[in-house]
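Reader: I am new to protein models and would like to learn how to read one. Could you take me through it step by step?

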Amino acid sequence: MGIRELTDCWARQSYEQGCDAVERSGIYEKRIISKLRHYLFELKRFRYKQMDGNSVQDLRRYEPAEQYEQIRFADIVNRLKNDDGFSPVKYMAQITKLCDERGLTESMTIGLLARGLRSFPSFLREMDVEEQLENILTERRIPYSIARSTEMDVAQHTDILVSSYGRDYRIWLFQNSKRGIRNTMMRLREERGKLPQGIHVLCPMNPMGANPRCIMKNGWCFYQTSYVKEIVDCIENPEPDRLPPYEKFIQGADLSEDGIQTFVK
């Protein structure tokens, strides 16, 4: 079942019902689920909300949790995404378990759950784009391999890596909001490490912009299929000799634009 279809299942349940399902699975100790129910209550009676994309909005920030680096949410999602019963609650249960193992305080755990939920929509978008790329590349009979991992994101500034016809396409998925532009520009300027070689494909998306290029499903925001097809067009007809080199691109980079931008490193 694809990510978008999964959100249909989630939207029919409350977080309380999600807790019931995870508890029945027997994967986690009952005390972990009991703690999670308490934390959901503390998150604005969160347990009674439906598991849709609207439920991850307006979550409070706890600064110590924002700075905590010992739990990587992307690792949790990547490990759970193919499990039966993958859901926001199962994701939260794993965060709760890791916090419990580390002896973190209630305030820290609640702060990390809120932070993890704020990140959850971007993880879903990445998984959805990966699924769409696989489908479109296969339909067009374009030879490819595709990879997505936390290590690649952190070390190589690449959300999704597509290799085809002997070239590496490093796909960047980001919202070109003020915060998204600031963070992406820091990465582009190599303030967070050197960029790897390859063809870099920047794919901004702003649900609040004049040309959002996204669709809403059960409150979650996904890239339009037409947008992903444009990414595949870049792979199918690369014209690498016409792409600007990194040094030239970075001089006039404008991430406020809505369309795909490419450069070669």
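**Pockets, cores and salt bridges**

Author: Let us begin with open space: the largest pocket has a volume of about 2100 Å³. This is a predicted model, where local features need pLDDT of at least 70 and side-chain atom pairs count only at pLDDT 80 or more, while totals for chains, interfaces and linings use all residues. Residues are numbered from 1 along each chain as its sequence is written, and side-chain values use heavy atoms, with hydrogens and water left out.

Reader: How is a pocket found, and which residues are closest to the centre of the largest pocket?

Author: Rolling a probe the size of a water molecule over the atoms shows where empty space is left. Here a pocket is an open set of points on a 1 Å grid over the protein atoms alone, where a 1.4 Å probe fits, with protein on both sides within 12 Å along at least five of seven lines; lining residues have an atom within 4 Å of a point. The volume is the space filled by probe spheres set on the points, which are joined across faces, edges and corners. Of the 49 lining residues, R118, S119, S122, R179 and N183 are closest to the centre. α7 gives the most to this lining, with nine residues; helices are DSSP runs of H or I with at least four residues, strands are runs of E with at least two, and both are numbered from the N terminus.

Reader: Which element gives the most to the largest nonpolar core?

Author: A nonpolar core is a set of buried Ala, Val, Leu, Ile, Met, Phe, Trp, Tyr and Cys residues joined through side-chain atoms within 4.5 Å. Buried means under 20% relative accessible area, exposed over 50%, and partly exposed in between, using a 1.4 Å probe and protein chains only. The largest core has 45 residues, and Y91, M92 and L112 have the most contacts inside it. α7 gives the most to this core, with 10 residues.

Reader: And why does the salt bridge between R4 and D128 tie together parts that are apart in sequence?

Author: Side chains of opposite charge can pair when their charged atoms come close. The rule asks for a side-chain nitrogen of Lys or Arg within 4 Å of a carboxyl oxygen of Asp or Glu, and the count comes to 21 salt bridges. In one of them, R4 and D128 meet at 2.9 Å, N to O. R4 lies in helix α1 and D128 in helix α7, so the pair ties together parts that are 124 residues apart in sequence. R4 is buried at 13% relative accessible area, and D128 is buried at 3%.
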